[in-house]
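This report walks through one protein structure for a reader who is meeting it here without earlier acquaintance. Please look over the sequence and the model first, and then follow the text with both at hand.

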Amino acid sequence: MRRTVRILAIDGGGVRGLLPARFLAELEAMSGRPLHSLFDVIAGTSVGGILALGYAAPGPDGSGYTAATVYDDIRAWLPDIFPPMEGGASSFEALRDAHERHALSQLVGAALLPHHFGNARYSATALEAHVSRAFGDARLSDVKTDVVVPAYDMHGGQPVVFRSCDVRGRSGAHGNPRLAEVARATSAAPTYLPPLRLLDDPDESVLIDGAVVANNPAAIAYLDGLDSGRDEAGGPPDVVLLSVGTGRPSTQRPSYEEIFTRNWASLGMGLLGVVLNGAGEMAHQLVDRMVSGRPAPNRYLRIQPTLPADASLHIDDASPANLDALVRCADAAVVEHRPALEALVAVLSAPAAPGSVPRQSAGSPAS
């Protein structure tokens, strides 16, 4: 009997990552089991990478985190990472606290003095503090189920994919980064957060957000799953893959004249949308074609809700109103897809068939 690999893939999207966080908390509630016990591989990019690491991390006591806890944490973190400038305040005195004053200083400094402040509009201090508290000293080899998290190395000029299967069984630091470092690297969105300088003697990497190469990591995860799940004769495994996006914009059809006459700033933001939405859609189409031609029990489900009118397209809008809109969108997606999700949960929760890929516990060696 062929092996079966169960995969979860989560898109990037900044603040919009609250949508998959909420959706997956509901999926976990439906199953009654933690996500790390439902999936053999969890892949994520940018904020999706932080979520993936959260679901797979051992946690302080080794039992891991529930998806509900990850959702609560992400919702609490986002306003710290992307502090809203309430009321469009224009002076330090009008800003609510020291954290917001620091955020404004970074924003102005990045625009006027990038050689001193760097070119990111937000400091990484809050993000680093949150992921360090959540993940502690846990390393990539310590996860409770395999993770796949892409980034991009500006120093080496090539993509970097952090794969726990590559370091499973290791206890040292070389080639085995801390989960907090992986989370920081995959979410270093250019112009939003500074890159991460990662030193792994004798190598140096300058890492930025994996969204620039794979905002939707489903294709990477699928190919990794095929490779890791091959049987002794080299035959491919069956694959069950759930891919969760961070929401697509409502239908927009700009005219040729509008696109041709956009200023550089607007054009740049439009290209960011192409990276987040267009490249993600391409990955979806590739995976759909690869899986759709394979017989049951192979299964592929893509969840990518259309964002409501009251949800911002800005990936750094952490205002309470926008966060609430994203949560409502996630809840609506659960209702819309409930029959498909219930069928998926039944497959994911079924006892592993003989020959299926065994789920790994934290730090366990490969079987």
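The secondary structure of the protein comes to 14 helices and eight strands, where helices (H or I, at least four residues) and strands (E, at least two) are DSSP runs numbered from the N terminus. The model is a predicted one, in which local features need pLDDT of at least 70 and side-chain atom pairs count only at pLDDT 80 or more, while totals for chains, interfaces and linings use all residues. Residues are numbered from 1 along each chain as its sequence is written, and side-chain values use heavy atoms, with hydrogens and water left out.

Of the 367 residues of the protein, 49% count as buried; buried means under 20% relative accessible area, exposed means over 50%, and partly exposed lies in between (1.4 Å probe, protein chains only). The protein exposes about 16,600 Å², and carbon and sulfur atoms supply 56% of this area, as computed by the Shrake-Rupley method with a 1.4 Å probe, where for residues only the protein chains shown count as cover. Among the contacts with a separation of 6 or more, 74% are between residues 24 or more positions apart, a contact being heavy atoms within 4.5 Å.

The interior can be described through its nonpolar cores, each of which is a set of buried Ala, Val, Leu, Ile, Met, Phe, Trp, Tyr and Cys residues joined through side-chain atoms within 4.5 Å. The largest such core has 76 residues, and those with the most contacts inside it are Leu8, Leu24, Tyr55, Phe162 and Leu242. Helix 13 (residues 320-336) contributes the largest share of this core, namely eight residues. A second, separate core holds 16 residues, including Ile7, Ala9, Ala221 and Val287.

Phenylalanine 162 has contacts, leaving aside neighbours within four places in sequence, with Leu140, Val147, Val148, Val149, Ala151, Pro177, Val182, Ala185, Leu198 and Leu207. One of these partners, alanine 185, has its place in helix 8 (residues 179-186) and is buried, with a relative accessible area of 0%. Not counting residues up to four places away in sequence, alanine 185 touches Ala151, Phe162, Leu196, Leu207, Ile208 and Asp209. The C-alpha atoms of alanine 185 and isoleucine 50 are separated by 9.8 Å, although the two residues are 135 residues apart along the chain.

Alanine 188 sits in the loop between helix 8 and strand 5 (196-200), and this residue is also buried, at a relative accessible area of 0%. With the same sequence neighbours left out, those up to four places away, alanine 188 touches Leu193, Pro194, Pro195, Leu207, Ile208 and Asp209.

Turning to charged groups, the structure has ten salt bridges, each being a side-chain nitrogen of Lys or Arg within 4 Å of a carboxyl oxygen of Asp or Glu. Three of them are set out in the table.

| Salt bridge | Closest N and O atoms |
|---|---|
| Arginine 3 and glutamate 232 | 3.3 Å |
| Arginine 178 and glutamate 181 | 3.9 Å |
| Aspartate 310 and arginine 328 | 2.6 Å |

Arginine 3 lies in the segment before strand 1 (4-10) and glutamate 232 in the loop between helix 10 (218-228) and strand 7 (238-244), so their salt bridge ties together parts that are 229 residues apart in sequence. Arginine 3 is partly exposed at 23% relative accessibility, whereas glutamate 232 is exposed, with a relative accessible area of 74%. Aspartate 310 is partly exposed at 45%, and arginine 328 is likewise partly exposed at 46%.

What aromatic pairing does a search of the whole structure find? The search finds one aromatic pair, on the rule that rings of Phe, Tyr and Trp (its six-membered ring) pair if their centres lie within 6.5 Å, with planes under 30 degrees apart counted as stacked, over 60 as edge-to-face and the rest as tilted. The rings of phenylalanine 82 and tyrosine 122 have centres 5.1 Å apart and planes at 80°, so the pair is edge-to-face. Both residues are buried, phenylalanine 82 at 8% relative accessibility and tyrosine 122 with a relative accessible area of 12%.
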